Amino acid sequence: DDYAPAAANPQWFRALCPYVINADWDGTEAGFPATMVCPSSPDERYKTGGAATTNYDWNYNLGDVGVDYPQRCLSACAMPSRCWVLIDGKATLWGGFPYFEMNTVATTKTYADQRHNNRANALHADGHVEAINFLGLTDDDVNIGGAFRRWTGPVVWP
């Protein structure tokens, strides 16, 4: 299926490991796939069970298990070239959970790590990656990019 993996239950990177390393992650730092770590900040990583993991953040609004965010089908995105799936994250938030939930420009300061010449890389739902100056966006841009529609913004995912 092309549903987004759950953000935290279990962690999104565990769901993707079989596709990245052809195996489940063994829970060790040495066994964590290097492709899931931005090489520009290899020391700023989330800790999971004591092991350093990723420094990317998954879009929580794409769904999680047991919360009020249904898992989203990636092919159903109405604006795939504008919606973020994964961004360069700060690896210090949500009690160590690597995901983001943004709805205003102000909230981008909390999640996006602009470690590439004052830009953060963002993987979009259509598969392209773009270096974005998150502080140069409008709140509408953030609502669409973050697929945030609980209270405001256009319908990005039905």
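**View 1. Helix 1 gives the largest pocket the biggest share of its lining, four residues.** This is a predicted model, and the pocket shown here has a volume of about 350 Å³. Besides helix 1 (12-20), strand 4 (84-88) and strand 6 (120-124) each put two or more residues into the lining.

**View 2. A look at the middle of the largest pocket, where Tyr 3, Pro 5, Leu 16, Trp 58 and Leu 74 are the lining residues nearest the centre.** In total, 18 residues line the pocket. Sorted by character, they come out as 14 nonpolar, two polar and two charged.

**View 3. The largest nonpolar core, built from 21 residues.** Trp 12, Phe 13, Trp 25, Phe 32 and Trp 58 have the most contacts inside this core. Helix 1, strand 3 (56-59) and strand 4 chip in at least two residues apiece. Helix 1 turns up again as the top contributor, with three residues of the core. Trp 58 is worth picking out in both views: it belongs to the core and also sits among the lining residues nearest the pocket centre.

**View 4. Zooming in on Trp 25 and the residues it touches.** Leaving aside anything up to four places away in sequence, Trp 25 is in contact with Phe 13, Arg 14, Cys 17, Gly 31, Phe 32, Thr 48, Ala 51 and Thr 53. Two of these partners, Phe 13 and Phe 32, are listed with Trp 25 among the residues with the most contacts inside the largest core.

**View 5. A separate core, set apart from the largest one.** This other core has 13 residues, including Phe 100, Ala 120, Phe 134 and Leu 137.

How values were computed
Residues are numbered from 1 along each chain as its sequence is written. This is a predicted model: local features need pLDDT of at least 70, side-chain atom pairs count only at pLDDT 80 or more; totals for chains, interfaces and linings use all residues. Side-chain values use heavy atoms; hydrogens and water are left out. On a 1 Å grid over the protein atoms alone, a cavity is a set of points where a 1.4 Å probe fits but cannot get out, and a pocket is an open set with protein on both sides within 12 Å along at least five of seven lines; lining residues have an atom within 4 Å of a point. Grid points are joined across faces, edges and corners, and a volume is the space filled by probe spheres set on the points. Ala, Val, Leu, Ile, Met, Phe, Trp, Tyr, Cys and Pro count as nonpolar, Asp, Glu, Lys and Arg as charged, and the others, Gly among them, as polar. A nonpolar core is a set of buried Ala, Val, Leu, Ile, Met, Phe, Trp, Tyr and Cys residues joined through side-chain atoms within 4.5 Å. Buried means under 20% relative accessible area, exposed over 50%, partly exposed in between (1.4 Å probe, protein chains only). Contact means heavy atoms within 4.5 Å.
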